[in-house]
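Subject: Structure handover

Hello,

Here is the structure I said I would pass on. My notes on it follow below.

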Amino acid sequence: MKIRQLFFLTVATLLLASCQKEDSTMYVGAPKDLRYIGIGEYFCGEPFTTDQPSVFSGGEEVRFSLIDVKSDDYKGENLIENFRIHSGTGIITIRDFNDLTVGRYTVDVEVKNSMGSTTFTDVLDFTADQSIPQDIIYMPNIYSFYGDDLEVATSRPNVKGGGPYEFTLSNFSDVFAIDAEIGKVKLQQAYPIGEDDIEVFALDINVENALGSLSKRTAVIIEVIGKNVGRLFYNAISFLGSPTSYGLQNAINTNTYGVVEKEIDGEMYSTELEEGNNGPNYTGGLWRRAWSGVAFDFENEEGFVSEKIVKAYWSWNQESRADLVSDVIDLTTVNEEAYVDVTGFWRYTGGAQNVNQHLGVMVCKASDYNEEAPEQSNWTLIENDISEHLMMYSTAIINEKQLKAEGNHQVAIPSEFLGEEIRVALRADFFNPGVGALARRFYIYQLQVRAK
């Protein structure tokens, strides 16, 4: 008897649920019922990507926007900058080496369709926990201080682990001072240096929280410069690429698709690029047709060999266009000059080389940048091809002194961009295999912007 009662109760419950469940194909109106799968265990500083959320939209295309991230526990500087949302899918990413602190976080998302828009408050709710410090990173990781400037300091470092932290310098404590609570570094006192000189310091830093400590060699590099040297405003950082990441930290890769026209060998050339054939592909442990982090061995001036990560691009014998785009660079205080400083090398001879395989340099105002389609931003091409200025790859170990002497090139930023917030980009163009094989590889050891 009890079994029959349980059976009928179960059937009734299912029928009731099916009656109450809304058929999404019948709904017409502004988006509603946005749902994310919750974030489980999460530790400060770690990267995380949500699954794609569900939302009722009446079958219409929707666009997602990140409206706000809230927390009473956050002690960093710009909370929302730790998060990204894909406008087409709604997938939310917490960036690697973020500066989230221990505590609770909630996320607000807006969803739009042709019928209207809806803001979903606290649609994602999670807690960030503390762990033993795993790593420390300064963004950027290279700074330049004039010898008499005692007010300039590094940024606050991002640490995987969760604070509160205590920071200490392990070397050069007679030249620099570090804020024990937040990790910012600045000069202790005026440092004597020639007007045209640069002196570089690699600082080792220890960070500790309640669960343990971490010591990192060369956690940040500070160059003390003379008054005639341009100060560093941007330095591109990358980690080793993986099947799920290009390894770009303060830059992005963006590919162009559709019909593209460009002058090749004195004649206009047209081609159509498709994502399947001309877009990114991860094969054999490397990204093709996408800017990504690749490891090389470098020998410094003292003869020591160490592995470093460069920004690499290889079109893999297919036509392609891909841009390595910087984060926003603040030149609002600059009124004299600014330039893009590139150091790099290339490999593989044969084909037509720089006739049909170009590495261009571009700049645009931050206000003219298209977040949804960066390749469609109002870019100004300031040099069509700098590849001939890069050093040709010749040995398995790259000599840094030789690379800086033979593979460095500077491109002036036009005056109309001074006093503005800008972005710069390197554009890899590989077109017209009929002229010659598209076999070159570009490796960028250093992409910087300097200004006075």
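Which side chain does the side chain of Gln353 join through a polar contact? The partner is Arg440, and the contact between the two side chains is 3.0 Å. Please keep in mind that this is a predicted model.

Some more on Gln353. The residue sits in the loop that connects strand 27 (338–347) with strand 28 (357–365). Its relative accessible area is 14%; buried means under 20%, so Gln353 counts as buried. Leaving out residues up to four places away in sequence, Gln353 touches Trp346, Tyr348 and Arg440. Arg440 is thus listed both as a contact of Gln353 and as its side-chain polar partner.

The other loop residue I looked at is Asn378, in the loop between strand 28 and strand 29 (380–383). Asn378 has a relative accessible area of 48%. The partly exposed class runs from 20% to 50%, so that is where Asn378 falls. With residues up to four places away in sequence left out, Asn378 touches Val363, Cys364 and Asp368. For one of these, Val363, I also have the C-alpha separation from Asn378: 8.6 Å, for two residues 15 apart along the chain.

Next, a sheet. Three strands make up an open sheet with antiparallel pairing, in the order 2-6-5. Strand 2 (48–49) and strand 5 (83–85) are at the edges; each has a single partner strand, so one side of each has no neighbour in the sheet. Strand 5 is joined to strand 6 (residues 92–94) by three bridges, and the two run antiparallel. Within this pairing, Ile85 has Ile92 of strand 6 as its bridge partner.

Finally, the protein chain as a whole:

- Three helices and 34 strands are present in the protein chain.
- Along the principal axes, the C-alpha atoms fill a box of roughly 95 × 60 × 40 Å.
- The protein chain has 452 residues, and 46% of them count as buried.
- Taking contacts between residues at least 6 apart in sequence, 72% join residues at least 24 apart.
- The accessible surface is about 22200 Å², with 47% of that belonging to carbon and sulfur atoms.
- There are 36 positive and 67 negative charges in the protein chain, and the mean positions of the two sets are 5 Å apart.

Regards

Note on methods
Residues numbered from 1 in each chain as written. Predicted model: local features only at pLDDT ≥ 70, side-chain atom pairs only at ≥ 80, totals over all residues. Heavy atoms only, no water. Helix = DSSP H or I, 4+ residues; strand = E, 2+ residues; numbered from the N terminus. Buried < 20%, exposed > 50% of the residue type's maximum accessible area, 1.4 Å probe, protein only. Polar contact = N/O pair within 3.5 Å; in protein donor to acceptor, adjacent residues only side chain to side chain. Contact = heavy atoms within 4.5 Å. Areas by Shrake-Rupley, 256 points an atom, 1.4 Å probe, with all protein chains shown as cover. Lys, Arg positive; Asp, Glu negative; His and termini not counted. Charge placed at Lys NZ, Arg CZ, Asp CG, Glu CD. Pairing = 2+ DSSP bridges.
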